[in-house]
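User: I should like to understand the reasoning behind the terms used for enclosed spaces in a protein. Please take me through it with this structure.

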Amino acid sequence: MKTISAFILFFLLSAACIAQSGSPNVYSGAISNPAGKPVAGADVQLTISGQTLHAESGIDGSFAISTALNGPATVEARAAGFALLRQSMVPSHPARLTLTFATEEQRIVVTASRTPLELDQSANAVQTLSSRALQRTPALAFGDKVRQVTGLDFFRRSSTLVANPTSQGVSLRGLGSTAASRTLVLANGIPISDPFGGWVYWDQVPALAIRDVEVVSGGISSLYGSGAIGGVINILERQPNTTAYAIDTGYAQENTPHVSAMATRVLGPWSGMAAADLLRTDGYIVVAPDARGPIDTPANVHYENGEAYLRRVFAERAIAYLDGNVLNEARNNGTPLQKNATRFWRYSTGIDWTTERAGMFTVRLFGSQEQYRQSFSSVPAARTSEFLTRLQHVSTQQLGASGQWTKALPAHVQLVAGADADDVRATDYELPILHGSQNGLSDTSARQRDVGEYAEAIWQPTRWTLTASLRGDDFLNLDAEQYLQT
């Protein structure tokens with residue numbers, strides 16, 4: 001009887017050991033700042049046996065990653081405003097990670113290679129404008145604040161508060177800052193340039209929602225296409241990692257009031273942000289005093305923008321979001337008859353998820369709707385009179401998508417591959433004016449489609465970063481129609 005009981009006990013203990021050996025290993029810990037307070041929303045990357053896993057710290061700063069892998073691992077913790085922290089850890093022994101505040105040299109670069117890299121590890125020439133640098137700049141308009149970047153040019157030297165939007169193309173490396181531009185402008189990785197003319201509405205992103213601006217000078221066309229021959233500008237927006245509220249208001253010369261407001265909220269796995277700006281100015285006359293005439297009036301702008309952002313975290317391995325942005329803008333362009341107005345809607349959604357063995361996947365869907373109106377006139381050299389010559393109305397619709405796969409391999413190698421597509425439809429309706437009366441019409445519509453695929457390999461041995469990338473693009477113009485009446 002004792003023999004049977006001993007056998008049963010041995011069997012149960014063996015079964016328990018087998019069950020325990022097959023159970024997942026848990027790598028857990030808590031992240032705090034130098035004052036000992038928890039850091040929520042920090043990105044946690046765990047590398048074990050050549051595999052990379054991701055998680056995000058909760059409201060209390062804690063994180064946990066379950067995996068079938070076992071053994072010592074390297075954990076990296078990143079959070080906005082803090083330096084990268086890297087240390088080793090083992091399963092079932094919670095780690096306490098204390099982040100230190102970042103210096104400018106420790107900032108993370110996202111646009112350089114479509115993957116996060118530290119500034120000193122990027123193979124590209126990168127300049128960053130932190131939120132503190134943007135706040136210290138005396139300019140009101142965001143477009144005027146980014147002018148402090150060396151090598152960045154606009155088509156016109158006038159402030160973006162008084163310049164026609166079609167003249168606000170941007171260029172890097174002296175490639176010509178025309179409206180068509182040769183620099184790609186992104187907000188959180190989503191293109192925000194005008195789909196029809198290529199110029200940039202710099203006032204479309206609420207000021208308090210902007211965290212940092214990364215400017216990559218140099219050809220990035222192997223990853224982003226021909227629109228990035230001169231470089232890439234990525235506006236990084238704040239993430240709703242805590243519940244907070246902010247408002248910024250002021251008043252400047254030329255009757256220029258402005259108000260910016262932002263609110264973020266976190267409720268368990270849900271978080272969101274709402275932000276808005278309102279600015280108006282009487283502006284000023286852009287023509288030199290010795291060349292002015294009776295028809296010269298102040299150029300100015302009145303605009304309102306707003307953005308709503310919603311995010312959901314799933315099991316600490318996937319994040320989905322929904323984002324919407326609107327801009328309403330009206331401008332006087334320096335004479336009584338020259339005016340333009342814009343209504344621009346932009347929206348995007350996406351998901352990021354990480355698997356234990358296959359790597360990290362990112363999917364984005366985005367689009368925009370735009371209504372643009374402008375009037376043109378003829379002004380004699382003496383600038384004593386003005387004649388209306390043309391009325392223009394442009395309607396534009398854009399749909400796009402992108403997908404990316406990232407995989408970390410042993411020996412400090414990282415692979416990136418993806419594809420993106422962009423479909424733009426536009427209608428340009430123009431009314432020529434002669435002697436104050438309509439003189440015919442021009443109605444032109446067309447569609448353009450661009451599909452691209454890219455791949456990149458990054459090798460980062462000690463003190464070196466070597467990259468190799470390749471991209472292929474397919475452009476197609478279709479459904480072009482034109483109706484002319486004389």
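Analyst: The largest cavity has a volume of about 80 Å³. The model in which it is found is a predicted one.

User: What makes this space a cavity rather than a pocket?

Analyst: A cavity is a set of points where a 1.4 Å probe fits but cannot get out, whereas a pocket is an open set. The space of about 80 Å³ is listed as a cavity, so a probe placed there cannot get out.

User: How many cavities of 30 Å³ or more does the structure hold?

Analyst: The structure holds two of them. The second largest contains about 40 Å³ of space.

User: Why is Trp202 called a lining residue of the largest cavity?

Analyst: A lining residue has an atom within 4 Å of a cavity point. Trp202 is among the 15 residues that line the largest cavity, and therefore it has such an atom. Thr160, Gln168, Trp202, Asp203 and Arg331 lie nearest the centre. Elements giving two or more residues to this lining are α3 (142-145), β20 (299-314) and β21 (318-333). By class, the lining has nine nonpolar, three polar and three charged residues.

User: Why does Gly367, in the lining of the second largest cavity, count as polar?

Analyst: Gly367 lines that cavity, and it counts as polar because Gly is placed in the polar class. This lining divides into five nonpolar, four polar and one charged residue.

User: Which strand gives the most to the lining of the second largest cavity?

Analyst: β23 does, with three residues. β14 (190-191), β22 (339-355) and β23 (359-378) each supply at least two.

Key:
Residues numbered from 1 in each chain as written. Predicted model: local features only at pLDDT ≥ 70, side-chain atom pairs only at ≥ 80, totals over all residues. Heavy atoms only, no water. 1 Å grid on protein atoms, 1.4 Å probe; cavity = no way out; pocket = protein on both sides within 12 Å on 5 of 7 lines; lining within 4 Å. Points joined across faces, edges and corners; volume = space filled by probe spheres on them. Helix = DSSP H or I, 4+ residues; strand = E, 2+ residues; numbered from the N terminus.
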